[in-house]
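Reader: Could you walk me through this structure before I set anything up with it? I would like to begin with the ligand and then wander a bit.

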Amino acid sequence: MTPKDEANELRQAAESRLKASKDMARLDYADQARLVHELQVHQIELEIQNAELREARDNLEIALTEYTELYDFAPVGYFTLDRRGHILKLNVAAQRLLGGDSTSLSGKTLQHFVAPEDQRKFALLLQRALSPAARCSADLTLLTGDAPPRRIHVQSDAANNPRDETFRLAAMDVTERNLADDARRLSESKFNALYSAMSEGMALHEMVLDLHGNPIDYILLDVNPAYESILGLDRAAVIGCRGSQVYGLTPPPHLEQFAAVASTGHPILFETLEDPAGRVFSISAFSPAPNQFATVFVDITAQRALQRQLERIAHFDSLTGLPNRVLLADRLRQAMYLALRHGKCLAVAFIDLDGFKAVNDQYGHDVGDDLLARLAVRMKHALREGDTLARLGGDEFIAVMGDLANVEASTPMLERLLDAAAEPFQANGVAAKVSASIGVSFFPQIDDIDADQLLRQADQAMYQAKLAGKGRYQLFDARQDRSARDYHDQIAQIRLGLERSEFLLFYQPKVNMRTGKVIGLEALIRWQHPIRGLLSPAVFLPLIEDHPLTVDMGEWVINSALIQIETWLAQGLDIPVSVNIGALQLQQPNFIERLRNTLAAHPDVKPGSLELEVLETSALQDVSKTSRVISTCSEMGVRFALDDFGTGYSSLTYLMKLPAEILKIDQSFVHDLLMDPEALAILEGVIGLATAFQRQSIAEGLDSVETGIMLMRLGCEQAQGYVISPPMPADRVPDWVAGWQPDPRWAATRVIRPDQLPLLHAEVEHRAWLAAIKVALDGPHAVPLRMCVHPCRFEAWLATERGAQLLLKCGKHELHDMHRALHDQAEALVLRHEQGERTEELEPELGVFLKLKHEFLSCLEALISSDVVPPARR
Ligand SMILES: Nc1nc2c(ncn2[C@@H]2O[C@H](COP(=O)(O)OP(=O)(O)OP(=O)(O)O)[C@@H](O)[C@H]2O)c(=O)[nH]1
């Protein structure tokens, strides 16, 4: 029944009741009362129904409002269209899509807004939308006036009503989403193209963690083709595998670094030597997702080699392989710093060849080049390990010699440099000869001086050497140079320093290496300059060398040393102290008298506690006078030592005349002892001389335990040097004396027997020879190496009956083969180097060579220290 039918029925019921009420008057009271009651009940029911109807209507209105709001403000556009596509109704979102309002758009067709290319698609959509229960969709482009085209996704409603031939479409703006999809697809395809085509290897990994969250490995998730070709690994074989399996290492390479990247997300970049082939990789790692890391790597082996080569070109002279001007500046600054720090002297030699132009002119530039390269090697050998030889250009070289005790200590190297340059040059049928003029400057000087000034001074001195006839060296005369300027000022400053007690004595111990006894202390002067700090004597002593002030200074030193001895005696320390006496002081007519007076002023000090050291060269200036002084001093109980012994070329006659008790062997021989056969020969001679003339010998400048062992083998047990102790302030001496322990290897070292001496020589000769080969191989040119004279000392020793016996007894038969192999390897290396092979190419053979060298020297050393000589020889 429809609501209309219901209303009719109600109306009819009411009319029949009205009709019945006309008979009301005939009704009794009870009927009337019942009727009234019914009427009241109906009225109440009607009121209730009325209230319910009102509520229902209100709810309907609320629902309608909600629906309209939802409809209007839905983010999706809704259209109600008739079958020809006319817009009957549309919500706000749909209006926005079409760029108009409800009034202006109603009645228009939606086709009107569809882009031409999508018209057909829309027609099909209309057709399908009108078919019953069809739900269909399409993506269309809408063109709305001047606004940019919008892309929409439309969907017809399945509840379309085909009877009234209207239907609804929902439309969503997908313009932005499509653009984003397009961009993502583009970037993905770009990435894939890049990933596949890039020359860098790339791999994506996921970390493998243990139960506690600690990284233990990583799994390869993906790798690119470059990864496969660089590492020679197959993609299929590595994906899904752990790094430890793939690379055969546990933990896998760089686990910690990569774990840090995966956990923190901070990218890293590092270089690493990655595989046994010695390839160098640059690896960058970043984290694309939590617990993952990606690596991008590239083989930079060639790049590094090129870089090394460029660095070499930037710092080394290509012709000689020596440091160039740039590197020289660096080395010189460094050497100056070390000289100041260790209180040592530094010499800078400016070397210019004489007659080099003639070689060029006569034989051509190539021969000139060859000569320069060979000379460079020779001159390098003339210097000590640690010295620098650089080429400035043309025929100019610079030698930087550090760690010198004094100016004189440079003499042996300068002589050797002159000899090296003057040695005739022969190659390819050409015989040429040049010489060198050398100018030398020293550092530190009394004035502050920089590296450029030092070089200029050396250059100036070299010019003087040329003027004086070439083929010689000339020391830059700082005094002469200064005399023009401020020599007197400097002297006045030193005098003032003396008056103001700015000078002080440091003490360097002298010990017996075997017993560990401290046999004395050498007093060494220092200047505590109020502005320039602690100055070494090299800065101020040369300046006053010939000045009367040197006598005052010398007396101050003796007096101060005696006061110090008294102080130590009072503390229970009784050790002799030696002081240095300059030539001028020694030549003073009243030297003895003044010394006697000074000693008398310190009655507690035994004269035997004072020792005077005089330079061998100073002593030789007036041998008979010096000899008299020494004798008188001996009678007084004061002992004498000849300092820097070996540098003064004194003959045996002079030595006999100079009754000094002690010979202090010059540190230049001591320093080179392990590497220089000549130094060994000189030392052997000096120690033999000291024994023959019943003098004591003590080695100066001992800087390694090994050199100490060598000295002891040669019979010299007393030494002084940095390896024992550098000079120290007086107040540190008692503690040092109480605490010093000699190296235990010294106590175990015996004096070598004469039949073992050839072995010692063979050892040093081989060390020098092997070092020379290494230097030559490092040079850029094929250098024909003169090897040890054949047969070398070791071979000569082996050929003797004693040598063969000794080898047999000590069971070191392999030494013979080892030695032969060493020579063969060296010859092969030199030959290949001469044929132009580069040092890098020789690397593997060089490794074998160095190993052989080490084994041979160790075996030789074991042989020397073994006690295998028959007792009869002892
Ligand atoms: N072969 C060769 N010659 C060079 C090179 N650089 C410069 N020279 C030449 O070296 C010569 C150096 O000149 P000088 O120092 O005056 O020649 P010098 O005959 O030694 O003259 P003095 O120094 O006065 O003894 C010049 O002829 C330059 O052309 C080089 O790299 N190779």
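Author: A word on terms before the ligand: helices (H or I, at least four residues) and strands (E, at least two) are DSSP runs, numbered from the N terminus. Please also keep in mind that this is a predicted model.

Reader: Fine, so which elements each supply at least two residues of the shell around the ligand?

Author: Those are β11 (345-354), α13 (356-363) and α14, each of which supplies at least two residues of that shell.

Reader: And which of the 15 residues around the ligand come nearest?

Author: The nearest are Asp-354, Phe-356, Lys-357, Gly-368 and Gly-394, out of 15 residues around the ligand. By class, the shell divides into 5 nonpolar, 5 polar and 5 charged residues.

Reader: You mentioned α14; at what angle does it pack with α15?

Author: Helix α14, residues 365-382, packs with helix α15, residues 411-422, at an angle of about 160°, and their axes are 8 Å apart. Since angles over 145 degrees count as roughly antiparallel, α14 and α15 are therefore roughly antiparallel to each other. The crossing in which α14 passes α15 is right-handed.

Reader: Which residues make that contact?

Author: On the α14 side they are Leu-375, Arg-378, Met-379, His-381 and Ala-382, and on the α15 side Met-413, Arg-416, Leu-417, Ala-420 and Ala-421. Sorted by class, the contact of α14 with α15 has 7 nonpolar, 1 polar and 2 charged residues.

Reader: What about α34 and α35, how do their axes cross?

Author: Helix α34 (residues 814-834) and helix α35 (residues 843-865) have axes that come within 9 Å and cross at roughly 150°. With the cut-off of 145 degrees for roughly antiparallel in mind, α34 and α35 are therefore roughly antiparallel to each other. The crossing of α34 and α35 is left-handed.

Reader: Who takes part there, and how do the residues divide by class?

Author: From α34 the contact includes Leu-815, Met-818, His-819 and Leu-822, and from α35 it includes Leu-846, Phe-849, Leu-852 and Phe-856. The residues of the contact of α34 with α35 divide into 14 nonpolar, 2 polar and 3 charged.

Reader: Switching to sheets: in what order do the 5 strands of the open sheet run?

Author: The order is β7-β6-β10-β9-β8, and the pairing in this open sheet is antiparallel. β7 and β8 (268-273) stand at the edges with a single partner strand each, so one side of each is left without a neighbour in the sheet. On average, neighbouring strands of this sheet are turned by 30° against each other, direction ignored.

Reader: Does anything pack on it, I mean, which helix does?

Author: Helix α10, residues 255-264, packs on the sheet and touches β6, β7, β8, β9 and β10 (292-299), while the direction of α10 makes about 130° with that of β10.

Reader: How do the pairs at the edges look in detail, over how many bridges?

Author: Strand β6 (residues 201-209) and strand β7 (residues 215-223) pair in the antiparallel sense over 7 bridges, with Leu-220 in β7 as the bridge partner of His-205. The hairpin of β6 and β7 has 5 residues between the strands, and Gly-213 there takes a positive phi near 85°. As for β8 and strand β9 (residues 280-286), they pair in the antiparallel sense over 6 bridges, and Ile-283 in β9 is the bridge partner of Phe-270.

Reader: Any backbone oddities elsewhere, say, which residues does a cis peptide bond join?

Author: A cis peptide bond joins Thr-250 and Pro-251, with omega about -10°, and Pro-251 lies in the loop between α9 (243-247) and α10. A cis peptide bond also joins Phe-443 and Pro-444, where omega is about 0°; Pro-444 lies in the loop between β16 (435-443) and α16 (451-467).

Reader: And why would a positive phi catch your eye?

Author: Because most residues other than glycine have a negative phi. Asp-403 is not a glycine, yet Asp-403 has a positive phi of about 55°; the place of Asp-403 is in strand β13, residues 396-404.

Reader: Last one: what stands opposite Ala-171 in β5?

Author: Gly-77 stands opposite Ala-171, and Val-154 stands opposite Ala-171 as well. Strand β1 (residues 77-82) pairs with strand β5 (residues 166-173) in the antiparallel sense over 6 bridges, and strand β4 (residues 150-156) pairs with β5 in the antiparallel sense over 5 bridges.

Conventions. Residues are numbered from 1 along each chain as its sequence is written. This is a predicted model: local features need pLDDT of at least 70, side-chain atom pairs count only at pLDDT 80 or more; totals for chains, interfaces and linings use all residues. Axes are lines fitted to C-alpha atoms, for helices over the stretch in contact, and angles run from 0 to 180 degrees between N-to-C directions. Angles under 35 degrees count as roughly parallel, over 145 as roughly antiparallel, 65 to 115 as roughly perpendicular and the rest as oblique. A crossing is left-handed if the near helix is turned anticlockwise from the far one by less than a right angle, and right-handed if clockwise. Two residues are in contact if their C-beta atoms, placed from the backbone, lie within 7 Å. Ala, Val, Leu, Ile, Met, Phe, Trp, Tyr, Cys and Pro count as nonpolar, Asp, Glu, Lys and Arg as charged, and the others, Gly among them, as polar. Two strands pair if DSSP finds at least two bridges between them. A residue is near a molecule or strand if its C-beta atom, placed from the backbone, lies within 6 Å of it.
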